[in-house]
Amino acid sequence: MKKTLLFIALAAGMLLASCTKTIVTVVRPADESPVEQKLIIGVSSGKDALTTKAGRPLLSEAAGQNIDEIKLYFVNSSNTVEVVKTVGALEWANATNHDDFGKQLEVTLKASNGEKLTDTSNPYTVYAVGYSVGTYTFPMLASVTTGSSASWTESNFYASPSADAEEIFAGKVTVYVKNRTLPDGSTQSYLAKTNNGGVEDTPEIVLNRQVAGVTGYFTNIPAKVNGIVPAKLRLIASNKSKQVNFVNLVNEDNSTLKTNYIVNGSGSPAAENLPYYASDKKGYKVYEIDLAQWFEFGDEKTYKTFDALDINGDGYVGYLDAICHVYKKTDSDAEAVTGLTPEQEATWATDIKGSSETQALSGFWKNAINEANTSAKQQLVAGSVFAGEFVIPFKSVPSTNTLELQLVDADGHVLTNWNVRVPADERYVSGTNPEPSTGVDVTSGLTDDTQSIYNIYRNHMYSLGSKGLINDNPDDGGTDPDPSDPDPDPKPEPDPDDDGSGDEDNPQDLTQNNLLIHVNDQWEIIHHMEID
């Protein structure tokens, strides 16, 4: 009998306009002189933005953002780059949080720096890209500087990752140079979003995320497969892109494009030739989880092998075994453990430290993310594992399943697999469900071939298991257990009272034959995908 496990949705903040048009208005008194030419930069992410350092890890489904440099290219009607402006980390640090999207900053073009735009007869097109320094290179834009008279073509507006893909944002807007007469009779230039716009019509450019996010959050991992002990969980993909193309950034009415169903990656890198299970197909690694980094086993430890961690004897290693370890359950009584008692729930946060009555959880499991990252702590369910990567979007490969989750042994042999599928009513097929919203520009020729063969779209979050927001309590740094909010959380089962706030954790249970993956379209709208 086919079983499905439905995961509860993400933070309500992500349901806000991650990629929709944002109206930002700056109102000035009629007699106030604008300071040079102004433009508002907005970065779309979601209300619950993460604030971490460059190259932030993808630790949750929150629509966070990280940028420390923005490049702005002002292109005139002759397709010549007239001004290039860089907004550096110190200036971007002054950006403020906006209620309707992510961060925003008003920037000024200064004539003293040679940045003033002069053509009042024709519009300018402004292209912008935001990223963390060192994460991407821009081969065709490297020599484009202010006054270089460099010719602009949109096909040259792309980036290549320096290593693995990281967050990167881009946007585009049309602006008009207008003049007004000041009370003293002099003329002052300003930028407007329309040809007839006044001083208060300050243009804004909204940058949207150009990569996808892929996470995996798992518990109850098979202890053995046909007598062989596993070593890693691995997600592979049928394709991979090595270039991010900044295309289809706005639609015809100059509003920000809702980036549904856009594949903006291109160029497959050298083949990695990772095998699919029981198939001659080959793929690329998305992420890999080394079980030895999460579970305590080895020659000098209490548990000698990974399968020895299956304390309750159900064939899987997960949160119930963590409970058995902490409360010193033996093989004979471990089968009775189905979860924490109310008394244990009340004392779990201190019990996991170990005492005469309990054993320290650290002898069984550790949160490898928190050990590796001192700047961003993440609360996880005891006995679970987690991985996340940013991915450049890519097109599907005919006759090859797009994603496959694998359990592999120490020699890299695939022991078993779970195929990642799109439910029938979530496939993208032009003219059918789901029909794109009005104004959405669908890249020509894109369609999802089957439930197992589909494209990876930009600004989508693909998640196995539901991971809430980062545990960033400023009082404890997300590290010290609190009885009211213990870390690690001992309750991985879906909460029937979940209000969609994103605070609940539901790792994917790998005992299931048919499981669900959810896709957070735009990191804003939730779709569900299943694996078998």
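**Burial, cores and strand pairing in the predicted model**

N248 has a relative accessible area of 24% and is therefore partly exposed, a class that lies between the limits of 20% for buried and 50% for exposed residues. The structure described here is a predicted model, and in this model N248 is placed in the loop that runs between β15 (243-245) and β16 (265-266). The backbone of N248 has a phi near 50°, which is a positive value in a residue other than glycine. A positive phi, of about 55°, is also found at N226, which is likewise not a glycine. N226 belongs to the loop between β13 (221-222) and β14 (232-237), and with a relative accessibility of 79% this residue counts as exposed, since the limit for that class is over 50%.

The two strands that flank the loop of N248 are members of an open sheet of four strands, which has the order β7-β8-β15-β16 and antiparallel pairing. At the edges of this sheet stand β7 (136-137) and β16, and because each of them has a single partner strand, one side of each is left without a neighbour in the sheet. Followed along its order, the sheet begins with the pairing of β7 and strand β8 (residues 158-161), which is antiparallel and extends over two bridges; here T137 stands opposite S160 in β8. Strand β8 is in turn joined to β15 by two bridges, again with the strands running antiparallel, and A159 has V244 in β15 as its bridge partner. Two bridges also join β15 to β16, and these strands run antiparallel, with Q243 placed opposite S266 in β16.

For the protein as a whole, the model contains four helices and 26 strands. Of its 532 residues, 55% count as buried, while the exposed surface amounts to about 22,000 Å², of which carbon and sulfur atoms supply 46%. Among the contacts with a separation of 6 or more, 74% are accounted for by residues 24 or more positions apart.

In soluble globular proteins, nonpolar side chains tend to be buried together. In the present model, the largest nonpolar core has 63 residues, and those with the most contacts inside it are L233, W294, F295 and F364. The element that gives the most to this core is helix α2 (residues 319-326), with six residues. A second core, separate from the largest one, consists of 26 residues and includes V81, Y131, A170 and F390.

Two of the residues named for the largest core, F295 and F364, also take part in the aromatic pairing of the model. The count of aromatic pairs comes to 12. F295 and F364 form one of these pairs, with an edge-to-face arrangement in which the centres are 5.9 Å apart and the planes stand at 90°. F295 lies in the loop between β18 (282-290) and β19 (316-317), whereas F364 lies in the loop between α3 (342-351) and α4 (368-372), so the pair ties together parts that are 69 residues apart in sequence. Both partners are buried, F295 at 0% relative accessibility and F364 at 0% as well. When residues up to four places away in sequence are not counted, the residues that F364 touches include W294, F295, Y303, L309 and I311, together with D321, A322 and H325. Elsewhere, Y73, Y127, W152, F157 and F246 form one aromatic cluster.

Burial can also be followed at the level of a strand. In β11 (residues 204-209), six of the six residues are buried, so this strand is largely enclosed by the rest of the structure. Strand β1 (residues 37-43) is joined to β11 by four bridges, and the two run parallel; in this pairing I40 stands opposite E204 in β11. The pairing between strand β9 (residues 168-181) and β11 is instead antiparallel and extends over two bridges, one position being that of F169, whose bridge partner in β11 is R209.

A further buried position is R421, which has a relative accessible area of 15% and therefore falls under the limit of 20%. R421 is found in strand β22 (residues 414-421). The C-alpha atom of R421 is separated by 8.3 Å from that of N401, although the two residues are 20 residues apart along the chain.

Technical notes. Residues numbered from 1 in each chain as written. Predicted model: local features only at pLDDT ≥ 70, side-chain atom pairs only at ≥ 80, totals over all residues. Heavy atoms only, no water. Buried < 20%, exposed > 50% of the residue type's maximum accessible area, 1.4 Å probe, protein only. Phe/Tyr/Trp six-rings, centres within 6.5 Å; stacked < 30°, edge-to-face > 60°. Core = buried A, V, L, I, M, F, W, Y, C linked by side-chain atoms within 4.5 Å. Contact = heavy atoms within 4.5 Å. Pairing = 2+ DSSP bridges. Areas by Shrake-Rupley, 256 points an atom, 1.4 Å probe, with all protein chains shown as cover.
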